[in-house]
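Me: I have a few questions about the structure below. Please keep the replies brisk.

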Amino acid sequence: MLDIKLIREKEADVRAALLKRGSIFKLEDVLAADRRRRALLTEVEALKSRRNAVSKEIGALKKQGQPCDEQQAAMRTVGDRITEMDNEVRTVDLELESALLQIPNLPYAGLPVGPDKESNRVARTVGTPRVFDFKPKGHVELGEALGLFDFARATRMTGAGFPLFIGVGARLERALIQFMLDIHTQEHGYTEVSPPFVCNPAAMTGTGQLPKMAEDMYRVNADDLYLIPTAEVPVTNIYREEIIEQTLPIRLTAYTPCFRREAGAAGRETRGLIRVHQFDKVEMVKFVEPETSYAELETLVADAEDILKRLELPYRVLELCTGDISFAAAKCYDIELWAPGQNDWLEVSSCSNFESFQARRAGIRYRRKDGKVDFVHTLNGSGVALPRLVVALLENGQQADGSIVLPKALSPFLGGMTRIERKAAETKKVDG
RNA sequence: GGAGAGGUGGCUGAGUGGUUGAAAGCAGCGGUUUGCUAAACCGCCGUACUGAUUAUAUCGGUACCGAGGGUUCAAAUCCCUCCCUCUCCGCCA
């Protein structure tokens, strides 16, 4: 949410910044509601002030046994008027707030400007895609042959897009989660948290999923809760409606499953692990002072990249353009892994600085050195998402015989395993 | 799920209709004293919105004692609804 005062005082700047996102927002409506709200407040607060003063007089008169019917009658009229005006204020407040919630964050100065992902800038490419002396296979073919997952059975019990990992496949998920959490907590300075996997509408609004993304989430109707689409939601909301008294920055990391309906994506990449409704992810979240948030964004990206470097996977980092950053972000880097079976780059991480956008929605504040209260800056990034990471591991590590050579760094988390072969997978096959 | 108790400022904890934004204590901040530390003493010590002024500094107004509604000239205090926490019982992992 943007600060209404900023819109009020720097209307032209805000309009220009929003225009870079490629959409036109009706600031006039917001400003009109703001003007009307303040006019109403001035009037009704004057009435309340008078009522408070006269009520005090009435109290004094009563104590002395003096008559005060006249004052009481007058204040009854004033009270009725106050009730009316309070209702008007409430209506305008709701209008204003819902309008503000629809306005995206302002893009950070210096982002590449452009309408869509074509204008994203490649910040760097790390690692060299392997040269194959055979035609590399896709992860679905590789993994099914090795018995790592079974999409057909998962579809029978749930539906398309819900992976079922089996044997070494399931263990690989668990190993990757632990691998990443260990690095972030032991080497990158994050504190691990394990949050709820469902959140209420207020939390979803705080991080920006609501109101615009309602259709993309799974909702538990009986309790008015949503399955989280990312750990960002519960982890960022840890400090919802608080003035944080502890020293910043606070760096948290969490493993959670993530649930996304992918509304509107029907028919796209339905096979395999590239686009699924449920997936595992390790997330990093930071609460920082405004002055340091862009430096913290760089280390956040570096922390995510470190995972990929240790896994010896080729990747590139994109600096997203004004038209491609998410609703709540001011600046965002995407990290994409090279997947030879797809012959394409796959997004496995999105690292964003939201500045005070989420903090203002969620009411997350801190005390500055001068004692004043101010909104924190929030950041988050995947560190990283599992399914596409598995895709890259399988497709990059594949051998001509269909086995997979695993990165050395992962072996301690897999009981010393260095290679996934048919034999090892078969011993764990569900249907024998 | 059943029965009971309760939700007040960073914390503890007073307060049952009229200078209560809210006693007191602790913590915190500033200062005095002190060779240093400690102690003692003095002062300060919520948030948001809003108005005035050149001012994120100052002064004023309004609101907030779990949330929302109601009664009243006036509500932390009375009434209603909801949420949450705690204790005991039951159930389950």
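Me: How many residues of domain 1 are in contact with domain 2, and how many of domain 2 are on the other side?
Reply: This is a predicted model. The domain assignment of chain A gives domain 1 as 4–102 and domain 2 as 117–426. Contact is counted for heavy atoms within 4.5 Å. On that count, domain 1 gives four residues, and domain 2 gives 10.

Me: What area do domain 1 and domain 2 bury between them?
Reply: The size of an interface is often given as the accessible area lost when the parts come together. Here 48% of the buried area is on carbon and sulfur atoms. The total for domain 1 and domain 2 is about 640 Å².

Me: Which three residues supply 84% of the area that domain 1 buries against domain 2?
Reply: No other three residues of domain 1 supply more of that area. By class, the side of domain 1 that touches domain 2 has one nonpolar, one polar and two charged residues. The three asked for are Arg-21, Leu-101 and Gln-102.

Me: What separates the centres of domain 1 and domain 2?
Reply: The centres are taken over C-alpha atoms. Between domain 1 and domain 2, the distance is 44 Å.

Me: How many residue pairs are in polar contact between domain 1 and domain 2?
Reply: Salt bridges between domain 1 and domain 2 number zero. For polar contacts, both residues of a pair must be at pLDDT 80 or more. The count of such pairs is six.

Me: Which residues come nearest to RNA strand B?
Reply: There are 23 residues around RNA strand B. Of the strand's atoms within 4 Å of the protein, sugar and phosphate account for 71%. The nearest residues are Arg-8, Arg-37, Glu-45, Ser-55 and Arg-76.

Me: Which element gives the largest share of the surface near RNA strand B?
Reply: Ser-49 has a side-chain N or O atom 3.2 Å from a sugar or linking oxygen of the strand. Elements that give two or more residues to this surface are α1 (4–9), α3 (27–63), α4 (69–102) and β12 (364–367). The largest share is 13 residues, and its source is α3.

Me: How far is a polar side-chain atom of Arg-90 from a phosphate oxygen of RNA strand B?
Reply: The surface near the strand has four nonpolar, six polar and 13 charged residues. Arg-38 places a polar side-chain atom 3.3 Å from a phosphate oxygen. For Arg-90 the distance to a phosphate oxygen is 3.4 Å.

Me: Which residue forms a salt bridge with Asp-34?
Reply: Side chains of opposite charge can pair when their charged atoms come close. In this pair the closest N and O atoms are 2.7 Å apart. Asp-34 lies in helix α3 and its partner in helix α1, so the pair ties together parts 26 residues apart in sequence. The partner of Asp-34 is Arg-8.

Me: Where does Pro-249 lie?
Reply: Most residues other than glycine have a negative phi, and most peptide bonds are trans. A cis peptide bond joins Leu-248 and Pro-249, with omega about 0°. The place of Pro-249 is the loop between β6 (242–244) and β7 (250–259).

Me: Which strand holds Val-384?
Reply: The peptide bond from Gly-383 to Val-384 is cis. Its omega is near -5°. Val-384 lies within residues 377–385, strand β14.

Me: What is the phi of Glu-241?
Reply: Glu-241 sits in the loop between α9 (232–236) and β6. The residue is not glycine, yet its phi is positive. The value is near 55°.

Definitions and conventions
Residues are numbered from 1 along each chain as its sequence is written. Chains are lettered from A and ligands numbered from 1 in the order in which they are written. This is a predicted model: local features need pLDDT of at least 70, side-chain atom pairs count only at pLDDT 80 or more; totals for chains, interfaces and linings use all residues. Side-chain values use heavy atoms; hydrogens and water are left out. A residue is near a molecule or strand if one of its heavy atoms lies within 4 Å of it. A polar contact is a pair of N or O atoms within 3.5 Å; within protein, one must be able to donate a hydrogen and the other to accept it, and residues adjacent in sequence count only if both atoms are side-chain atoms. Helices (H or I, at least four residues) and strands (E, at least two) are DSSP runs, numbered from the N terminus. Ala, Val, Leu, Ile, Met, Phe, Trp, Tyr, Cys and Pro count as nonpolar, Asp, Glu, Lys and Arg as charged, and the others, Gly among them, as polar. Domain bounds come from an automatic or database domain assignment. Buried area is the accessible area (1.4 Å probe) that two parts lose on being put together, summed over both. A salt bridge is a side-chain nitrogen of Lys or Arg within 4 Å of a carboxyl oxygen of Asp or Glu.
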